[in-house]
Amino acid sequence: MRKEIVIGACFFLAGVLCACLFGYDYFSTYGFLNEYHVKTFAEAALDVSTLLGSIVWERGKFFIVLWLIAYTPARKLAPLILRCGLFFTGGVFAGACMINMGIYGLVVFLGSWFPHGILYLLAIVLILRRDVHLSYGGKRPVGNRVLFTVSIISLILLGCLSEATVGTWILQQLFMHTIK
């Protein structure tokens, strides 16, 4: 467990350093968190149904690929690769937030993960930690697999819904404080 935390911290730090060293001009001038984009997002009246459809489409592709990987021998290596990728991209995003908003960027970074990030991470852990052949035995193997599948899909859809509603509202409130 300690080794995993150190590896995650190293990848997060590498992401922050990449954003600060290689992406400073991009993130501060043209990036997705520049002053124009933050102000536009903070003041926008977003259509929740369109946003929800886009989020379900984008997250759905990721989770379908992840689900397929869980049925291959690559599922032994997938958690490590996924964890390193998540920490690195999280570091890049945290670095981009801090480049554009200073120390308040850390608050925006943490706010961007709540509450949907918790649900997505739980779904990822359940998909990759589940022994896919475990539900073949027992009294109701089909029922167990269906229940597990419905639970994961419900968790992902709940994450998408919370990202389109609560997560967007939180980010708009946080961005409102940066433009004042």
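The points below describe a predicted model of a protein, going from the whole fold to single residues.

1. Fold. The protein contains eight helices and zero strands. Following the chain from start to end, the pattern is therefore helix after helix, α-α-α-α-α-α-α-α.

2. Dimensions. Measuring along the principal axes is done here on the C-alpha trace, which spans about 60 × 40 × 20 Å.

3. Contacts along the chain. Contacts between residues at least 6 apart in sequence were examined for how far they reach, and 84% of them join residues at least 24 apart. Thr-178, taken up in point 7, offers an example of a residue with partners elsewhere in the sequence, Met-101 being 77 residues away along the chain.

4. Burial and surface. Of the 180 residues in the protein, 34% are buried. The exposed area comes to about 11,400 Å², and carbon and sulfur atoms supply 72% of that area.

5. Charge. There are 14 positive side chains and 8 negative ones in the protein. The centres of these two sets lie 18 Å apart.

6. Cysteines. The structure holds zero disulfides. For Cys-10, the nearest cysteine sulfur belongs to Cys-84 and is 9.7 Å away. A disulfide needs two cysteine sulfur atoms within 2.5 Å, so Cys-10 is in no disulfide. Cys-10 has 48% relative accessibility and so counts as partly exposed. Cys-97 is likewise in no disulfide, with the sulfur of Cys-20 as its nearest cysteine sulfur, 11 Å away. Is Cys-97 buried or exposed? Cys-97 counts as buried because its relative accessibility is 0%.

7. Thr-178. This residue is found in helix α8, which covers residues 141-179. Its relative accessibility is 28%, so Thr-178 counts as partly exposed. Which residues does Thr-178 contact, leaving aside its neighbours within four places in sequence? They are Val-38, Met-101 and Tyr-104. For one of these, Met-101, the C-alpha atom is separated from that of Thr-178 by 7.2 Å, although the two residues are 77 apart along the chain.

8. Recap. The predicted model is a protein of eight helices and zero strands, with zero disulfides. Two of the residues discussed, Cys-10 and Thr-178, count as partly exposed, while Cys-97 counts as buried.

Definitions and conventions: Residues are numbered from 1 along each chain as its sequence is written. This is a predicted model: local features need pLDDT of at least 70, side-chain atom pairs count only at pLDDT 80 or more; totals for chains, interfaces and linings use all residues. Side-chain values use heavy atoms; hydrogens and water are left out. Helices (H or I, at least four residues) and strands (E, at least two) are DSSP runs, numbered from the N terminus. Buried means under 20% relative accessible area, exposed over 50%, partly exposed in between (1.4 Å probe, protein chains only). Contact means heavy atoms within 4.5 Å. Accessible areas come from the Shrake-Rupley method with a 1.4 Å probe; for residues, only the protein chains shown count as cover. Lys and Arg count as positive and Asp and Glu as negative; His and the chain ends are not counted. The place of a charge is taken as NZ of Lys, CZ of Arg, CG of Asp or CD of Glu.
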